[in-house]
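Trainee: I've got a new model open and I'd like to learn how to read it. Can we go through it together, one question at a time?

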Amino acid sequence: MYHALRSIAVSLLVVSSSWALAGEPRSEGQANVQVSCSRASAFVSVSISSFRKIGVVTIEVRNATGLTLYKEEGKALTPELVRRLDKGGFPRGAHTLLVTAKDFSISQVFTVE
């Protein structure tokens, strides 16, 4: 199963962007993580915005029992980061997205249907 998830992680569509999210003001010391998992889409969209450069970041998806299904570590040189993860790599049910960086640690729950 690990090798199958690894190959899915390698083949993901990864998009990084440096545009600011419209209508979402950021104040000093605040960060925002949004997860969108639509039934009509084949992707889980993750949008991270911070009040300054994100820097070293870890994005992790865990299932309800705490098993890590996906983990990505990298460095974002902008205050915004967008990722699209292939929903086919995750089993149906509730999952938790954990985003950890120097200035923040945020978790969001989402459901794959």
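Mentor: Sure, and keep in mind that this is a predicted model. Let's start with Gln34, which is partly exposed at a relative accessible area of 36%.

Trainee: Okay, why does Gln34 count as partly exposed?

Mentor: Look at the cut-offs: buried means under 20% and exposed means over 50%, with partly exposed in between. Gln34 belongs to strand β1. Its label follows because its relative accessible area is 36%.

Trainee: How far is Gln34 from Ser47, going by C-alpha atoms?

Mentor: Along the chain, Gln34 and Ser47 are 13 residues apart. In space, you go from one C-alpha atom to the other, and the separation is 5.1 Å.

Trainee: What joins β1 to β2?

Mentor: The two strands run antiparallel and are linked by five bridges. One pair to look up is Val35, with Val46 as its bridge partner in β2. The connection from β1 to β2 takes six residues, and it is a hairpin.

Trainee: Which strands are at the edges of that open sheet?

Mentor: The sheet has three strands in the order β1-β2-β5, with antiparallel pairing. Neighbouring strands in it are turned by 15° against each other on average, ignoring direction. An edge strand pairs on one side only, and that description fits β1 (32-36) and β5.

Trainee: How many bridges pair β2 with β5?

Mentor: You can find some of the facing residues yourself: Ser47 stands opposite Val82 in β5, and Ile48 stands opposite Leu81 in β5. The pairing of β2 and β5 is antiparallel, and the bridge count is seven.

Trainee: Is β2 mostly covered or mostly open?

Mentor: Check its residues one by one, with under 20% relative accessible area as the test for buried. Five of the seven residues in β2 pass, so the strand is mostly covered.

Trainee: Which residues touch the most other members of the largest nonpolar core?

Mentor: In soluble globular proteins, nonpolar side chains tend to be buried together. Here the largest nonpolar core has 21 residues. Among the elements giving two or more residues to this core are β2 (43-49), β3 (55-63) and β6 (93-101). The members that touch the most others are Ile48, Ile54, Phe90 and Leu97.

Trainee: What is Ile48 in contact with, leaving aside neighbours within four places in sequence?

Mentor: Contact here means heavy atoms within 4.5 Å. With those neighbours left out, Ile48 is in contact with Asn32, Val33, Ile54, Ile59, Pro79, Glu80, Leu81, Val99 and Phe104.

Trainee: Now for Asn63: why does it count as buried?

Mentor: You'll find Asn63 in strand β3. Outside its neighbours within four places in sequence, Asn63 is in contact with Leu69, Ala94 and His95. Buried means under 20% relative accessible area. Asn63 counts as buried because its relative accessibility is 18%.

Trainee: Which backbone nitrogen lies 2.9 Å from a polar atom of the side chain of Asn63?

Mentor: Start at the side chain of Asn63 and look for a backbone nitrogen at 2.9 Å from one of its polar atoms. The residue that supplies this nitrogen is Leu67.

Trainee: Last one: what pattern does the whole protein chain follow?

Mentor: The protein chain has 113 residues, and 35% of them count as buried. Its elements are one helix and seven strands. Read along the sequence, the pattern is α-β-β-β-β-β-β-β.

Note on methods:
Residues are numbered from 1 along each chain as its sequence is written. This is a predicted model: local features need pLDDT of at least 70, side-chain atom pairs count only at pLDDT 80 or more; totals for chains, interfaces and linings use all residues. Side-chain values use heavy atoms; hydrogens and water are left out. A nonpolar core is a set of buried Ala, Val, Leu, Ile, Met, Phe, Trp, Tyr and Cys residues joined through side-chain atoms within 4.5 Å. Buried means under 20% relative accessible area, exposed over 50%, partly exposed in between (1.4 Å probe, protein chains only). Helices (H or I, at least four residues) and strands (E, at least two) are DSSP runs, numbered from the N terminus. Two strands pair if DSSP finds at least two bridges between them. Axes are lines fitted to C-alpha atoms, for helices over the stretch in contact, and angles run from 0 to 180 degrees between N-to-C directions. A polar contact is a pair of N or O atoms within 3.5 Å; within protein, one must be able to donate a hydrogen and the other to accept it, and residues adjacent in sequence count only if both atoms are side-chain atoms.
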